[in-house]
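Here's a walk through one model, taken a piece at a time. Keep the viewer open and follow along.

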Amino acid sequence: MTATRPPLEDEDGQVTAGPFVHEDEVEEELRRRARKLSRRQFLPRAAAAAAGAVAAGVVGYELPHRKAARHSAAPAAVKTSSPAPAAETATPATGRVQTFLTRPDLKPPAVRVTQLGSAPESTPRFILLSPINVVPDSDPQQGLMLLDRQGRLVWFSPTSTGSPFNLAVQSYAGKPALTWWQGTVVNAHGEGLAEIGDDSFHSVKEIRAGHGLQTDLHDFQLTAGGTALITAYETTTADLTSIGKSSKGQVFVGHVQEIDLKTGRVLLDWRSLDHVGIEESFQPAPLPGQGYDYFHLNSVAETDDGQLLISGRNTSTVYKVDRSTGQILWRLGGKHSDFSLSSTARFWWQHDARPHGSSAITLLDNAGAAKEKQSRGLVLSVDSAAKRVELTRAFVHPAG
């Protein structure tokens with residue numbers, strides 16, 4: 001029996017792959033299919049009845065290893081060849097890893113769904129994760145995961161070289177594609193490369209930063225113009241006497257680069273220290289021997305008018321930047337905000353600032369530093385004419 005690779009998109013434009021059958025549905029099905037199973041089929045077995053446990057009629061296959069690829073994944077996948085009906089309720093995971101009879105090398109982490117929404121079939125149908133193990137070669141494995149909404153495994157690709165971040169679905173060459181970052185975490189930023197995978201889950205494109213830098217883990221956005229927006233970090237020296245340190249102190253500088261996907265050429269290289277001073281930072285002075293992460297670039301996105309929205313975590317500021325000149329058009333939040341923010345809209349140490357049209361921005365208000373009691377997901381209404389920001393909606397974890 002030949003393994004079939006499920007498409008990334010169905011008729012409704014949703015990410016798809018075949019679901020797994022739960023353990024309590026298997027025994028009767030096995031009896032019916034036992035004489036029909038070929039040697040190329042296998043049955044996955046989850047440790048301690050973990051979510052994504054036993055599946056009938058499941059085919060496993062290993063994707064070809066890429067030759068001479070630095071930081072490349074060594075993909076291995078688990079998929080269904082004939083989609084089976086999904087269970088209506090989630091099965092709690094009691095173990096740390098999932099295991100498979102014919103793929104003992106695969107040990108993805110178990111995922112437990114503690115509460116389902118009123119409509120388990122709601123969209124998006126699938127959840128993408130990039131779990132990281134603090135001890136990379138121990139169990140459970142770190143890697144790239146695709147789950148259904150009940151926490152059952154659809155696809156897994158372990159990463160043995162470097163840590164994975166930011167698995168997502170984007171559009172590449174007019175088709176849906178998986179994207180992710182892989183590399184090493186150094187001084188709270190990444191040194192590695194971004195990757196694009198096709199609808200067969202193969203990595204087909206690597207994106208590397210230019211000008212002697214390495215691609216950072218924080219963000220990787222494909223544009224409709226055939227380019228990639230990436231983050232990168234530079235280590236340099238700067239005058240830190242304003243925070244009681246050396247006039248030539250070590251500083252981490254954030255770069256936003258726009259890379260042409262065909263040629264790899266750097267079309268844009270925005271450097272934080274050229275536009276944002278040390279005095280804007282809320283980050284405490286570094287300890288002896290440490291560098292000063294004054295800005296901590298952590299997201300970049302296109303605005304509806306073709307400019308850039310850049311987030312500096314340690315300045316607690318979102319910046320709108322002119323794409324052609326690099327000049328800052330306005331600051332939202334922080335010490336020099338061009339907007340007044342209502343008390344409920346105020347944020348600190350934010351991540352993932354994303355524009356939605358010309359008047360809305362979403363972000364993670366990461367709170368911290370005793371500024372707020374807990375992190376929140378925010379939808380902000382931005383009035384550019386009146387320079388006023390109000391809270392439209394906040395999302396908080398019910399457990400606090």
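## Arginine over rings

Over which ring does the charged end of Arg346 sit? The ring is that of Phe347, and the charged end lies 5.8 Å from its centre. Arg346 also lies over the face of Trp348, at 4.1 Å from that ring centre. A word of caution while you look: this is a predicted model, and every distance here is computed from it.

## The aromatic cluster

Next, the rings. The structure holds eight aromatic pairs. One of them brings together Tyr294 and Phe295, with ring centres 5.9 Å apart and planes at 45°, so this pair counts as tilted. Tyr294 and Phe295 are both buried.

Phe295 has another ring to deal with: its centre and that of Tyr319 are 5.6 Å apart, and with the planes at 35° the pair is again tilted. Tilted is the label here because 35° falls between the cut-offs, under 30 degrees for stacked and over 60 for edge-to-face. Phe295 comes from the loop between β16 (266–271) and β17, while Tyr319 belongs to strand β19 (residues 317–321), so the pair ties together parts that are 24 residues apart in sequence. Tyr319 is buried, just as Phe295 is. Add Trp270 to Tyr294, Phe295 and Tyr319, and you have one aromatic cluster.

## The four-stranded sheet

Strand β19 also has a place in an open sheet of four strands, ordered β17-β18-β19-β20 and paired in the antiparallel sense. At the edges you'll find β17 (297–302) and β20 (328–333), each of which pairs on one side only. On average, neighbouring strands of this sheet are turned by 20° against each other, direction ignored.

For a look at the pairing itself, try β17 with strand β18 (residues 308–312): five bridges link them, antiparallel. Leu297 stands opposite Gly312 in β18.

## β14 and its two partners

Is strand β14 (residues 227–238) largely enclosed or largely open? Ten of its twelve residues are buried, so β14 is largely enclosed by the rest of the structure.

One partner of β14 is strand β13 (residues 215–222), joined to β14 by four bridges in the antiparallel sense. Within this pairing, Gln221 has Leu229 of β14 as its bridge partner. The hairpin of β13 and β14 leaves four residues between the strands, and there Gly226 takes a positive phi near 80°. Another partner is strand β15 (residues 249–260), which pairs with β14 over twelve bridges, also antiparallel. Here Thr236 stands opposite Val251 in β15.

## A mixed sheet of five

Another open sheet has five strands, in the order β21-β25-β24-β23-β22, and its pairing is mixed. Its edges are β21 (340–341) and β22 (351–355), each with a single partner strand, so one side of each is left without a neighbour in the sheet.

The partner of β21 is strand β25 (residues 388–395): two bridges join them, and they run parallel. Look for Ser340, which stands opposite Arg388 in β25.

## Backbone spots worth a click

Where is there a cis peptide bond? One joins Asp139 and Pro140, with omega at about -5°. Pro140 is in the loop between β6 (126–129) and β7 (143–148).

Then come positive phi values in residues other than glycine. Asn166 has a phi near 60° and lies in strand β9 (residues 163–172). With 35% relative accessibility, Asn166 counts as partly exposed. Ala188, also not a glycine, has a positive phi of about 65°. Ala188 is in the loop between β10 (175–186) and β11 (189–197), and at 45% relative accessibility it counts as partly exposed.

How values were computed:
Residues numbered from 1 in each chain as written. Predicted model: local features only at pLDDT ≥ 70, side-chain atom pairs only at ≥ 80, totals over all residues. Heavy atoms only, no water. Pairing = 2+ DSSP bridges. Axes fitted to C-alpha atoms, helices over the stretch in contact; angles between N-to-C directions. Phe/Tyr/Trp six-rings, centres within 6.5 Å; stacked < 30°, edge-to-face > 60°. Buried < 20%, exposed > 50% of the residue type's maximum accessible area, 1.4 Å probe, protein only. Lys NZ or Arg CZ within 6 Å of the ring centre and 35° of its normal.
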